[in-house]
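Please work through the aromatic contacts and the charged side chains of the structure shown below, taking each question in turn.

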Amino acid sequence: MDIVQFLRVSLLLFISGLAGTVAILMLFGRIRIAGVLRDKRTGVFSPARLQSTVVTLATAGTYLGLSITHDGGLPDPPGELIGALGGSHALYLGAKVLAAWRTRFTDKLI
Amino acid sequence: MKTVWIYAALIVLTMLGLEPWKNWAAFDPGDFMQWSLALFLFALEMAFIFFIWLGTHPRQQNDRFPLGINLEKLISESDGAASFSRFQFLIFTFVVASGYVVQVFMALKSSAPVPDIPNGVLALIGISGGSYVVSKGIEKSTGDGNATGSQTTPSTLPGEVYKP
């Protein structure tokens, strides 16, 4: 076995093993993910977080597929992918800012 | 004990196809050093994953291996609740890192230079990281990290009793 081939296999094993371990530990509840879709302040389910999670997972999955099948360097992600991720995160942050302002305004009224 | 190490070294060298006892003249110390470093790196990587599993997986706190790496709060805030920003940042780190490693080794195979990172990928990482930073900024400015709502998400493992 060539040393480059060995290093390639070992590094891929490491990254996939690490990702797999983290994913399994999350699924088993050993890494806490409780509350990831809930609003921190109110504790209720947040649609902004849900859409952001879905778009993030879709973007990451699409890009991973592109980068594995692409030959000759990392592929440039399509503009639509960047736009979708940016818009989704902007929506999530916008909802967060709005909730913070609303709370501050309500606190002042009280 | 010394004999065991000599046998172990011979086994490793045989596995690498160097077969030192057949032809000592062909034995290359540089090759040996490269392989030793590669094997050390591999052992370190596997040990890292193994210790993460030992330190995080057991159900009860007492069952955890004391030297294990506990990733229980990998994406948690200081109050114990999971953070969406950290979660998405983690996903992008894994995706870009694995894609880059695959591309680097593809390039090495064809003797091409180490590939560049395109601007689009930097934009993706920037959006992900920027979202994390802005989110933390909003929380800091509003004192959201210590909000009462965070207490509604119990920070316990399954099977543990929640103690506020």
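Rings of Phe, Tyr and Trp, the last taken by its six-membered ring, are counted as a pair if their centres lie within 6.5 Å. The model discussed here is predicted.

Q: Which residues form one aromatic cluster with A:Phe6?
A: Ring pairs are found by the distance between centres, with a limit of 6.5 Å, and the search of the whole structure gives 6 aromatic pairs over all chains. The cluster that contains A:Phe6 is completed by B:Trp35 and B:Phe42.

Q: Is the pair of B:Phe50 and B:Phe51 stacked or edge-to-face?
A: Planes under 30 degrees apart count as stacked and those over 60 as edge-to-face. The ring centres of B:Phe50 and B:Phe51 are 5.9 Å apart and their planes stand at 65 degrees, so the pair is edge-to-face.

Q: How many residues apart are B:Phe89 and B:Tyr132, which link distant parts of the chain?
A: With ring centres 5.6 Å apart and planes at 15 degrees, B:Phe89 and B:Tyr132 make a stacked pair. B:Phe89 belongs to helix H3 (residues 84-109) of chain B, whereas B:Tyr132 belongs to helix H4 (residues 119-142) of chain B. Along the chain, the two positions are separated by 43 residues.

Q: Is B:Glu139, the salt-bridge partner of A:Lys96, buried or exposed?
A: The closest N and O atoms of A:Lys96 and B:Glu139 are 2.6 Å apart, and the pair crosses between chains, from helix H3 (residues 79-109) of chain A to helix H4 of chain B. A:Lys96 has a relative accessible area of 10% and is buried. For B:Glu139 the relative accessibility is 7%, and because buried means under 20%, this residue also counts as buried.

Q: Why are B:Glu139 and B:Lys136 separated by about one helical turn?
A: These two residues form a salt bridge in which the closest N and O atoms are 3.3 Å apart, and B:Lys136 is buried at a relative accessible area of 17%. The separation of about one helical turn follows because, within helix H4 of chain B, B:Glu139 and B:Lys136 are 3 residues apart.

Q: Which residues are linked in a network of salt bridges with A:Lys96?
A: The whole structure holds 5 salt bridges over all chains, one of them joining B:Arg86 to B:Glu77 with the closest N and O atoms 3.8 Å apart. Of these two, B:Arg86 is partly exposed at 26%, whereas B:Glu77 is buried at 10%. The network that includes A:Lys96 also takes in B:Glu77, B:Arg86, B:Lys136 and B:Glu139.

Terms used:
Residues numbered from 1 in each chain as written. Chains lettered and ligands numbered in written order. Predicted model: local features only at pLDDT ≥ 70, side-chain atom pairs only at ≥ 80, totals over all residues. Heavy atoms only, no water. Helix = DSSP H or I, 4+ residues; strand = E, 2+ residues; numbered from the N terminus. Salt bridge = Lys/Arg side-chain N within 4 Å of Asp/Glu carboxyl O. Buried < 20%, exposed > 50% of the residue type's maximum accessible area, 1.4 Å probe, protein only.
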